[in-house]
Amino acid sequence: MQTEPEVITGNTELINSTNIERIVTGHDAALLQIEQLIQQLNAISQLTAAIGGGNAADWAMKSGHRYDCWLMEKPEKAMPVITHNIDRSLWRDLMLKSGMLSLMDAQAREQWQQNLEEGDLPAINEANILSTFQQLHQSKAEVFERGIINVFKGLSWDYTTNSPCFFGKKIIINNLVTHNRWGYSLTWGFRRDQLTDLERMLFLLDGKAIPDNRGDISIRLMDHIRDNPGKDVYDDAYFTIRYFQKGTAHLTFKRPELVEKMNDIISKHYPGMLASR
C-alpha cells in the first residue's frame, strides 16, 4: 500500500521535509557544477587532442559504446538540454509527492505525462513551485470529481444496468476479458484503466490509501483469473465481478454508501439527472 500522499502546506514546504528551498538550492548548485565539469572536460579534451592523444570522445568512451553524451558538447549547447532533463525529473517527483496523481484518472495522468515530456517546463525556483502547487491544491477537488465523471461517461450505455443518469448497484463493462480454449485473460487498454480508476475513486471516497499499482484491482483480477481457470467470479471488499466468454464483466458494488457519494458528484455536475433514481 502507498503511504498517504504528501501535500503542500502553507508557503514553506512539502510535508515530510521535502523542502522547496533545499530543492532549488540543490538544483542551482548542481547545474553550476555540471557546467564547470563540461568546461573542464572540454579543456582537457583540447589538451589531449593538441598532443595527439585524441579528444574526449576517443578516450572517455568505452570501445564500441561511443554514444552521444551531453557532457561532451559545448556548454551553450549542452546546458539547456541537461537543465530540461533535470527539471522534468524534479517536476515529476514534486507532482508525485503532492498526491495529485492519485486523484487523476488514467486519461488525465497520460495527458500530464505527455505535457511533461513535450511541453515547456516552468523554471525550478521557489516562486514557480509555490504557485504551481497552490493552483493544484486549489483544484484538487475538481481533478478528483473530473476523474469520477470520466469513468461515468466512459461506461457503455448498451445495458439497462448502466443508467445514463447515475451509478446503480451494478454496471456492465465491455471487453474487459477475453476467452479462448486456454480460458480467460484480462485485456489491456481503456477498459482495464477504467476499472482501476473506479477502484481508485472508491478508495479515496472511503478515506483509504490507494493500492500500489503492483496490487491494484487489475493485477488482483488478473492473478485471480490465472490461478482459478475454472471460475468466472472475482470478489473483494468493493466489487463482485462476474465475467463472461463474450468479454463482458458484470460489476456489482458492495459499498452502496460510496456509490451514493459518486452519484452526488454526478448530480453536482449534471443537475437534475438523478431525479429518476
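P211 counts as buried because its relative accessibility is 8%, where buried means under 20% relative accessible area, exposed over 50% and partly exposed in between, with a 1.4 Å probe and protein chains only. P211 sits in the loop between α8 and α9 (217-227), and its C-alpha is 8.0 Å from that of R200, 11 residues away in sequence. This is a predicted model, in which local features need pLDDT of at least 70 and side-chain atom pairs count only at pLDDT 80 or more, while totals for chains, interfaces and linings use all residues. Residues are numbered from 1 along each chain as its sequence is written, and side-chain values use heavy atoms, with hydrogens and water left out.

**The chain as a whole**

- The secondary structure comes to 10 helices and 9 strands; helices (H or I, at least four residues) and strands (E, at least two) are DSSP runs, numbered from the N terminus.
- Of the 277 residues in the chain, 40% count as buried.
- If you look at contacts with a separation of 6 or more, residues 24 or more positions apart account for 59% of them; contact here means heavy atoms within 4.5 Å.

**Helix α8**

- Helix α8 covers residues 190-205, 16 in number, and spans 22 Å from its first C-alpha to its last. That is close to the expected 22 Å at 1.5 Å a residue, the expected span being 1.5 Å times one less than the number of residues.
- Most of α8 is covered, with 13 of its 16 residues buried.
- Just after α8 comes G207, which takes a positive phi of about 75°.

**Two helices crossing α10**

- The axes of α8 and α10 (residues 256-269) come within 10 Å and cross at roughly 100°. Axes are lines fitted to C-alpha atoms, for helices over the stretch in contact, and angles run from 0 to 180 degrees between N-to-C directions.
- That crossing makes α8 roughly perpendicular to α10; angles under 35 degrees count as roughly parallel, over 145 as roughly antiparallel, 65 to 115 as roughly perpendicular and the rest as oblique.
- L198, L202 and L205 of α8 meet L258, K261 and M262 of α10. The residues of this contact divide into 5 nonpolar, no polar and 1 charged, with Ala, Val, Leu, Ile, Met, Phe, Trp, Tyr, Cys and Pro counted as nonpolar, Asp, Glu, Lys and Arg as charged, and the others, Gly among them, as polar.
- Helix α7 (residues 140-154) and α10 have axes that come within 10 Å and cross at roughly 95°, which makes α7 roughly perpendicular to α10.
- On the α7 side, the contact is made by F144, E145, I148, I149 and F152, and on the α10 side by M262, I265, I266, K268 and H269. These residues divide into 7 nonpolar, 1 polar and 2 charged.

**Nonpolar cores**

- The largest nonpolar core has 54 residues, and F167, I241 and F253 have the most contacts inside it. A nonpolar core is a set of buried Ala, Val, Leu, Ile, Met, Phe, Trp, Tyr and Cys residues joined through side-chain atoms within 4.5 Å.
- Leaving aside neighbours within four places in sequence, F253 is in contact with F167, G168, K169, K170, I171, L198, L202, Y238, F239, V259 and M262.
- Apart from the largest core lies another, of 6 residues, among them L31, I34, I38 and A78.

**Around α1 and α3**

- A78 lies in helix α3 (residues 75-98) and counts as buried because its relative accessibility is 0%.
- Beyond its neighbours within four places in sequence, A78 is in contact with I38, W70 and E73. The C-alpha atoms of A78 and I34, 44 residues apart along the chain, are separated by 9.8 Å.
- N42 has its place in helix α1 (residues 20-50) and, at 18% relative accessibility, counts as buried. Neighbours within four places aside, N42 is in contact with M72, E73, K74 and P75.
- Q46 is also placed in helix α1, but Q46 is exposed, with a relative accessible area of 58%. Its C-alpha is 8.4 Å from that of A56, 10 residues along the chain.

**A loop residue to look at**

- N175 is found in the loop between β4 (170-173) and β5 (177-180).
- N175 has a positive phi of about 55° although it is not a glycine, and it counts as exposed at 52% relative accessibility.
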